[in-house]
Amino acid sequence: MLLILKYFMLACFGYVIIRLMVPYIALFARFMFNEPFKWDKYVEKPRLVFYGMGLSVMHLGYTGIIEPLERFPIFSYAIGSFLFLGGMFMAQVTWTKRFEKIFIPKIKEKLKTSRNFNISISESQLEKLYDNLVRYDMVIIDKTSKDDFIQCFLKDWDEHDAKIHLKLKNPACKEFYELFKLTFPKNDLQLIDFIKNSDLLRREDGRRYNYDTVRNALTRNRVSKRSEDLEAVFASFS
């Protein structure tokens with residue numbers, strides 16, 4: 001019985017390796033004879049990674065079944081079978097459309113290093129917030145368009161050159177941040193990102209806000225001189 005199982009597993013190894021080699025042998029032959037060929041690194045590189053992992057896991061499972069632990073043979077058979085089948089699945093799933101259309105984009109999104117505000121807010125809400133800021137003369141519209149405003153909040157910081165030019169002193173800027181966090185509580189927006197790390201906010205004179213100055217604002221007075229106007233800006237979201 002064990003001999004039959006061994007040959008069956010070797011046949012599975014052979015199937016997986018042949019499944020891997022056939023398309024790449026054709027690509028290699030075209031490359032060597034200077035024929036045009038299509039190498040889609042978006043798909044092929046992740047596929048090879050999964051094939052390598054799958055074959056490695058299959059090998060571990062094979063060893064666990066063929067050479068089980070003497071003290072725990074049933075456990076060894078169970079884990080070995082699980083690993084072998086799991087590895088084979090990892091190798092075969094790479095040839096499905098789901099792997100290319102769904103799985104790879106999800107993995108890339110997880111691995112992507114993002115530098116943004118990491119906020120959850122819709123474009124329509126940002127449009128409304130921008131309009132309210134304009135209404136209360138808190139943003140310089142000649143230097144910050146509505147599109148610039150939306151880009152700064154939603155896109156990665158390195159994807160654009162837009163800036164947000166505010167007509168707010170340090171205390172009012174701190175209060176704007178606090179009201180934003182209070183109005184949209186699901187967001188993980190940090191003050192250091194908002195003021196310092198992003199390099200997106202500008203004062204009325206065009207200079208950057210000083211993070212330490214803004215952070216320590218409102219220590220004496222809990223509200224700024226523009227507190228009522230800022231409350232009105234965010235009131236429509238409640």
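**Briefing: fold, dimensions and helix α7**

Of the 238 residues of the protein, 36% count as buried. The model is predicted, and its secondary structure comprises 10 helices and two strands. For 238 residues, a compact globule would have a radius of gyration near 18 Å, whereas the protein has 29 Å.

**Architecture and dimensions**
- Read from the N terminus, the order of elements is α-α-α-α-α-α-β-α-α-β-α-α.
- The C-alpha trace extends about 85 × 55 × 30 Å along the principal axes of the protein.
- Among contacts with a separation of 6 or more, 69% join residues 24 or more positions apart.

**Surface and charge**
- The protein has an accessible surface of about 15,400 Å², and carbon and sulfur atoms contribute 58% of this area.
- The protein carries 37 positive and 29 negative charges, and the mean positions of these two sets lie 4 Å apart.

**Helix α7**
- Helix α7 covers residues 170-183, a run of 14 residues.
- At 1.5 Å a residue, α7 should span 20 Å; the C-alpha atoms at its ends are 20 Å apart, so the expected and modelled spans agree.
- The buried residues of α7 are N170, A172, C173, K174, E175, F176, Y177, L179 and F180.
- The cover over these buried residues includes the helices α5 (123-135), α6 (146-154), α8 (191-197), α9 (211-215) and α10 (227-235).
- Strand β2 (201-202) is also included in the cover over the buried residues of α7.

Note on methods
Residues numbered from 1 in each chain as written. Predicted model: local features only at pLDDT ≥ 70, side-chain atom pairs only at ≥ 80, totals over all residues. Heavy atoms only, no water. Helix = DSSP H or I, 4+ residues; strand = E, 2+ residues; numbered from the N terminus. Rg over C-alpha atoms; globule rule 2.2 N^0.38 Å. Buried < 20%, exposed > 50% of the residue type's maximum accessible area, 1.4 Å probe, protein only. Contact = heavy atoms within 4.5 Å. Areas by Shrake-Rupley, 256 points an atom, 1.4 Å probe, with all protein chains shown as cover. Lys, Arg positive; Asp, Glu negative; His and termini not counted. Charge placed at Lys NZ, Arg CZ, Asp CG, Glu CD. Expected span 1.5 Å × (residues − 1).
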